[in-house]
Amino acid sequence: MNRAALFASFLLPTLAFAQAEKHPYDTAKEAFEKQLIARRAAAKANADLLVLDHVEADRAGKRVTIYAIATGVAESDPIEFFVSTLSSGKDYESLAITYATAADVDRALRFIGLAPGRRVDYEKNLQWPRGPRVTMTFVDGDARSRAELQIITTGTGAPLPLRGLVYVGSPPPAAADGETVTAGGGGPIAPLYNDPAAVLDVPTRSAQGAVYGTLRANPKNKLPLGRPLKVVVEPATGDAAVRSRDLIIRAGPPGGPGAYVLEEERKTLASVPNLPSLIAALGEQAKAGDDLFSTVVFDPRMPVSEARKLYALLSSIENDPGVKLGPPTTGLFHKAFFPEEGWRDRQARLGEPWELFLTREAGQLQGRLERQTEAADPAASQPVTLDRTSVADPDAFVRAINAVQSPWTKAVFVYPPADLTMGELDAWVVPALATYPRIFVFPALAPSTAPAP
């Protein structure tokens, strides 16, 4: 046997082994890339086609196709993504992965005429995604299935409701100086929870921690590892095309014939005397199946106790589609009025929040600041210190909390008198929000609220 034949006798089995060990993802990728030349040639002759490496957009057909690969996740594996990028390393918790980038998916959706909406931003208290509603369909050969039907809830075994997804757009990448540049950065493509960096968000309010472990792949729609797929994203039509509307709820002191006014685009939809009538008016608007992004504007004379009742009712009817509360134009987010009651107990809670006790003396509000801090050394002679200072007005309050800040928290707990109004509350807390974004207002225990024990 000559040297060439001898070399081949060793090399060929090695090549065969390498071919046998090729990952299914790579095999599917090669199949996609073989089609790419033909797809690009078609795009040259058709201005309504945009062909990227693993994404295709058809402007005339209003369709985006993501070339993806089934991950073959086990039925017992928790699922967090409909589709994720291969580079994310999240294939073990995704139905499918793609070699496409999130930025390319975003570019394709813009190409077919969709305008991205508004992403979840917890720092700005934007807890509902907003934007055009789209549908996602998994195409496996001739078989088509909505993405929601590929997922079941562990508690019931039922698939997800067909709500579609919200196109919020890909966040811009960060430049070296910390500023942002042109839109279309990286990020997840389609998670099953609200991700501030997602291109396509779920329409519900779904925190990652609350969703994790509750969703699984549907065993009735099993997709084997490495199966090439087309994931088609299209604008929702008919009843699925949820329309977004902006409503203003003006809340005045209770008791008058128009204590609550519902407005849209500066036009009055309803003027009602009480909370049950307001909820009924919102129910009438919700019958259209629209997203009612609602902002509450309080009359300064509104008692804080009544504002809490309003927010409690509105929070109870939030839904998709339906009423979705947003941050106020000024003042505290509605969740600030519903702190955990257990936080009153200084020994049980975490952190070192400031506590502001407001009382009314001779018709004027007075404040007292308290904060319990722990010594860095547990063996210190005084392990716990209670700092206490009087603050005569909002300016003194803000100066005091900014002068001595704790590394353990940026929160303020407010204990109001029972007759505190929203105007008075705003005067004290709004100037503090810039440095203390976590302010919570506890229900008054008595006309002059007593300090926590």
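**Two cores and a five-stranded sheet**

In this predicted model, the largest nonpolar core takes in 48 residues, and Phe397 and Leu425 are the ones touching the most other members. Looking past the neighbours within four places in sequence, Phe397 makes contact with Leu356, Leu369, Val391, Val412, Trp428 and Ala432. There is also a second core, separate from that one, with 45 residues; Leu50, Phe81, Val211 and Ala217 are among them. As a rule of thumb, nonpolar side chains in soluble globular proteins tend to be buried together.

Now for the sheet. Five strands form an open sheet with mixed pairing, in the order β16-β15-β14-β17-β18. Since β16 (267-272) and β18 (323-325) sit at the edges with a single partner strand each, one side of each has no neighbour in the sheet. On average, neighbouring strands here are turned by 30 degrees against each other, direction ignored. Within the sheet, β14 (residues 244-251) pairs with β15 (residues 260-264) in the antiparallel sense, over four bridges. Ala251 has Tyr260 of β15 as its bridge partner.

Helix α5 (residues 275-286) lies across β14, β15, β16, β17 (291-298) and β18, and runs at about 20 degrees to β15. From first C-alpha to last, the 12 residues of α5 reach 16 Å, close to the 16 Å expected at 1.5 Å a residue. Its buried residues are Leu275, Leu278, Ala281, Leu282 and Gln285. These cover an arc of only 120 degrees around the axis, so they end up on the same side of α5. That fits the usual helix geometry: with 3.6 residues a turn, residues three or four places apart point the same way. The buried residues of α5 pack against β14, β15, β16, β17, β18 and helix α6 (304-317).

How values were computed: Residues numbered from 1 in each chain as written. Predicted model: local features only at pLDDT ≥ 70, side-chain atom pairs only at ≥ 80, totals over all residues. Heavy atoms only, no water. Pairing = 2+ DSSP bridges. Helix = DSSP H or I, 4+ residues; strand = E, 2+ residues; numbered from the N terminus. Axes fitted to C-alpha atoms, helices over the stretch in contact; angles between N-to-C directions. Contact = heavy atoms within 4.5 Å. Core = buried A, V, L, I, M, F, W, Y, C linked by side-chain atoms within 4.5 Å. Buried < 20%, exposed > 50% of the residue type's maximum accessible area, 1.4 Å probe, protein only. Expected span 1.5 Å × (residues − 1). Arc of directions from axis to C-beta.
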